[in-house]
Amino acid sequence: NWERAARLCDESMAISRQTGWDNFPPLCRNILAQIAAHRGEVDRVRTETPDLLQVAERTGIADYAYQLGRALATFELSVGDAESAWSHVEPLFRKGREMDEYLAQVAGSVAIEALIGIGDLAGAVRRQPGRVVRAR
């Protein structure tokens, strides 16, 4: 239930501010951005994501960046823009390593669909979980 999840995030951010736990609100904002992406809330996603991407880079928490990239790509696919969707997740695949849990989630949820959408069928096949991802 998206409404309940959003309400819980709002409540959690308020409590974290009251208790001085300043690192928590960006995580909730990330969840809210993902919810907005899944709902197709164009303005909110475009307004929130630049700051959230900076927070993701600053914190260095791997799943935070993966989740945000996946949410942004999902959003772009929902408005029919496969190229933009791929641009949000393509940097995650540049590292030349084997498919791990995070990459498999991104590949299975949006990357393969984005690559098919831009006509890169070979790229889509390379991103199938269990394959080695090599830098270009």
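Let's start with Asn30 and ask who it meets. Leaving aside its neighbours within four places in sequence, Asn30 is in contact with Leu52, Tyr64, Gln67 and Leu68. The residue itself sits in helix 2. Is Asn30 buried or exposed? Its relative accessibility is 2%, so Asn30 counts as buried. Please keep in mind, as you look at the structure above, that this is a predicted model.

Let's zoom out for a moment. The protein chain has seven helices and zero strands. If you read along the sequence, the pattern is α-α-α-α-α-α-α. The chain has 136 residues, and 37% of them count as buried. Now think about contacts between residues at least 6 apart in sequence: 51% of those join residues at least 24 apart.

Back to helix 2, and to its partner, helix 3. Two packed helices are described by the angle between their axes and the distance between the axes. Helix 2 covers residues 24–39, helix 3 covers residues 42–59, and they pack at an angle of about 145 degrees. Their axes are 10 Å apart. The crossing of these two, helix 2 and helix 3, is left-handed.

Which residues of helix 2 and helix 3 meet? On the helix 2 side we have Pro26, Arg29, Asn30, Leu32, Ala33, Ala36 and Ala37. On the helix 3 side they meet Arg44, Val45, Glu48, Asp51, Leu52 and Val55. Sorted by class, this contact of helix 2 with helix 3 has eight nonpolar, one polar and four charged residues. You will have spotted our opening residue, Asn30, in that list.

Let's pick out Val55 from the other side. Val55 is in helix 3, and with a relative accessibility of 6% Val55 counts as buried. Not counting residues up to four places away in sequence, Val55 touches Pro26 and Tyr64. Remember Tyr64? Asn30 is in contact with Tyr64 too. Here is one more pair for your viewer: Val55 and Asn23 are 32 residues apart along the chain, and their C-alpha atoms are separated by 9.9 Å.

Two of the charged residues at this contact deserve a look as a pair. The side chains of Glu48 and Arg29 form a salt bridge, at 3.2 Å from N to O. Glu48 belongs to helix 3 and Arg29 to helix 2, so this pair, 19 residues apart, links distant parts of the chain. How open are they? Glu48 has a relative accessible area of 21%, which makes Glu48 partly exposed. Arg29, at 22% relative accessibility, also counts as partly exposed.How many salt bridges does the count come to? The answer is five salt bridges. One of them joins the side chains of Glu3 and Arg39, at 2.6 Å from N to O. Glu3 lies in helix 1, residues 2–19, and Arg39 in helix 2, so the pair ties together parts that are 36 residues apart in sequence. Glu3 has 56% relative accessibility and counts as exposed, while Arg39 has a relative accessible area of 32% and is partly exposed. There is a third member here: Glu3, Arg39 and Glu41 are linked in a network of salt bridges.

Another salt bridge joins the side chains of Glu11 and Arg7, at 3.6 Å from N to O. Why are Glu11 and Arg7 separated by about one helical turn? Because they are four residues apart in helix 1. Glu11, at 38% relative accessibility, counts as partly exposed, and Arg7, at 43%, counts as partly exposed.

Now let's move along to helix 4, residues 62–78, where we find Glu76. Is Glu76 buried or exposed? At 9% relative accessibility, Glu76 counts as buried. Not counting residues up to four places away in sequence, Glu76 touches Arg46, Asp81, Ser84, Ala85 and His88.

One of those contacts, Ala85, takes us to our last stop, helix 5. This helix runs over residues 82–89, and Ala82, Ala85, Trp86 and Val89 are buried in it. Why do these buried residues line one face of helix 5? Look down the axis of helix 5: the buried residues fall within an arc of 95 degrees, so they line one face of the helix. Try that view in the structure above.

How values were computed: Residues are numbered from 1 along each chain as its sequence is written. This is a predicted model: local features need pLDDT of at least 70, side-chain atom pairs count only at pLDDT 80 or more; totals for chains, interfaces and linings use all residues. Side-chain values use heavy atoms; hydrogens and water are left out. Axes are lines fitted to C-alpha atoms, for helices over the stretch in contact, and angles run from 0 to 180 degrees between N-to-C directions. A crossing is left-handed if the near helix is turned anticlockwise from the far one by less than a right angle, and right-handed if clockwise. Contact means heavy atoms within 4.5 Å. Ala, Val, Leu, Ile, Met, Phe, Trp, Tyr, Cys and Pro count as nonpolar, Asp, Glu, Lys and Arg as charged, and the others, Gly among them, as polar. Buried means under 20% relative accessible area, exposed over 50%, partly exposed in between (1.4 Å probe, protein chains only). The arc is that of the directions from the helix axis to the C-beta atoms. A salt bridge is a side-chain nitrogen of Lys or Arg within 4 Å of a carboxyl oxygen of Asp or Glu.
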